[in-house]
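Welcome, and please have your viewer ready. We will go from stop to stop, with a selection to make at each one.

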Amino acid sequence: MTVFSVAPLATAARNAGHEILLAANEPLVETATAIGIPAVAISPEPIGHFVRGARRRPGASEFEQPREAMLHLGRSYARMARAGWDALLDVAGAWSPDLVVGGAMSYAAGMLADRLKVAYVRHAWDIVPTTGTDPGAEEELRPELERLGLAGLPAPALFLDVCPPSLRPSPVSGAQSMRWIPVNLQRPVEPWMYTRPEGRRRVLITSGSRARMFQDPAWSLRHLAGRLADAEVLVAAPEEIAAEFGAGPGGVRAGWMPLDVVAPTCDLIMHHGGGATALTAMNAGVPQLITPEGVYMEIIARAVSGFGAGLTVEAHRQGTDRDAAEAIAAGCREILSSPAHTRRARDLGREIAALATPAETVRTLETLAAA
């Protein structure tokens, strides 16, 4: 979730004595306030209202599909920027910032900073390069940019990159690396969450509300868990989804669990390709099996598997759903039986740990704000 991505920097700035305010779509405000970030709503709509259809287009070539999907994504986030623009101006009029930090595709941030004549910082959400989305956003926002007297999207004074250097496809001009810090909602933790099971490997399966897929006959949790009988299986899912599983098979725990606490105790994390989940696994030095659900997720999956820190299983290419479930189980067994993936995952974990922390990065922001 985008709020979790920017939360470490926002918290670091606040801890350094600065005032912060997060402008977000209304559904995200509750999450922001729950993790201690003061937030204001600028649009009543969820992000999903604006982002539709950013998936493969049947019949398009392998080269057209990712490009078209990223352009579509850029246009979607641009429409979100337009929808919240007036409310964002009202907020800025009442609470004048000295610096504007925007998420990777928060296009209104750069426009607002240019209007206020303050520095603009672009903050990557995950490891996916967003240059592919910018042309679509610029096209969609052309009328707004012209009214502001801009020939194109404003360039940031600083780009904060949370991607481990080894996974970057190419250097980004003006980029500064920053350490990824996992953030999620918290509740009292139980001992099993922060301790490893004795004598067994631990596999974590997570895809948020998408966990419903395990209820389908061929994708059943029992089927997958049965193929991983030697491991303890955890299924991280909202409680209302986990309750629908009923009694789980032996050794399976299903329900809410704090990924930042649980991840370091795992031997493998299987997920759909979400950026925050992938980086949480990298931070913990845990290999991943990714079943990407769209072009954006495929970019993440290719980066992880290309580095050797996991495997990608494209479920939609496996024939039947049962074939897909079998392929996922086989991939999990391969990772658990080979130390090579774990070594590469730990390499990424060490690389992330060596990057500048959000607290150290705040000093750079202070310099920009004072300029």
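Start by selecting T130, which is buried, its relative accessible area being 8% (buried means under 20% relative accessible area, exposed over 50%, partly exposed in between, with a 1.4 Å probe and protein chains only). T130 sits in the loop between β4 (119-123) and α6 (134-140); helices (H or I, at least four residues) and strands (E, at least two) are DSSP runs, numbered from the N terminus. Now add A104, M105, Y107 and R122: leaving aside neighbours within four places in sequence, these are the residues in contact with T130, where contact means heavy atoms within 4.5 Å.

Before moving on, some notes on what you are viewing. This is a predicted model, in which local features need pLDDT of at least 70 and side-chain atom pairs count only at pLDDT 80 or more, while totals for chains, interfaces and linings use all residues. Residues are numbered from 1 along each chain as its sequence is written, and side-chain values use heavy atoms, with hydrogens and water left out.

**Zoom out to the chain**

Show the cartoon for the chain, with its 16 helices and 12 strands. Of its 371 residues, 51% are buried. Among contacts between residues at least 6 apart in sequence, 63% join residues at least 24 apart.

**Into helix α6**

Next, pick G136, found in helix α6. Is G136 buried or exposed? G136 is buried, with a relative accessible area of 0%. Draw a C-alpha to C-alpha distance from G136 to H72: the value is 6.4 Å, although the two are 64 residues apart in sequence. Contacts of G136, again without neighbours within four places in sequence, are L71, G74 and R75.

**The parallel sheet**

Now select β7 to β12. These 6 strands form an open sheet with parallel pairing, in the order β9-β8-β7-β10-β11-β12; two strands pair if DSSP finds at least two bridges between them. β9 (252-255) and β12 (310-312) are at the edges with a single partner strand each, so one side of each has no neighbour in the sheet. On average, neighbouring strands here are turned by 15° against each other, direction ignored.

Focus on β8 (residues 231-236), where 6 of 6 residues are buried. Colour its two faces separately: A231, V233 and V235 lie on one side, E232, L234 and A236 on the other, and all are buried. β8 pairs with β7 (residues 201-206) over 6 bridges, in the parallel sense, and V235 is the bridge partner of I205. Towards β9, 4 bridges join the parallel strands, with L234 opposite R253.

Then step along to β10 (residues 268-271) and β11 (residues 288-290), which run parallel and are joined by 3 bridges. Here I269 stands opposite Q288. Helix α13 (residues 295-307) packs on the sheet, touching β11 and β12, and its direction makes about 140° with that of β12. Such angles run from 0 to 180 degrees between N-to-C directions, and axes are lines fitted to C-alpha atoms, for helices over the stretch in contact.

**Last stop: a helix pair**

Finally, select α12 (residues 275-284) and α15 (residues 339-353), which pack at about 90° with axes 6 Å apart. That makes α12 roughly perpendicular to α15; angles of 65 to 115 degrees count as roughly perpendicular, under 35 as roughly parallel, over 145 as roughly antiparallel and the rest as oblique. Show side chains for L279, M282 and N283 of α12, and display A345, L348, G349 and I352 of α15, which together make the contact.
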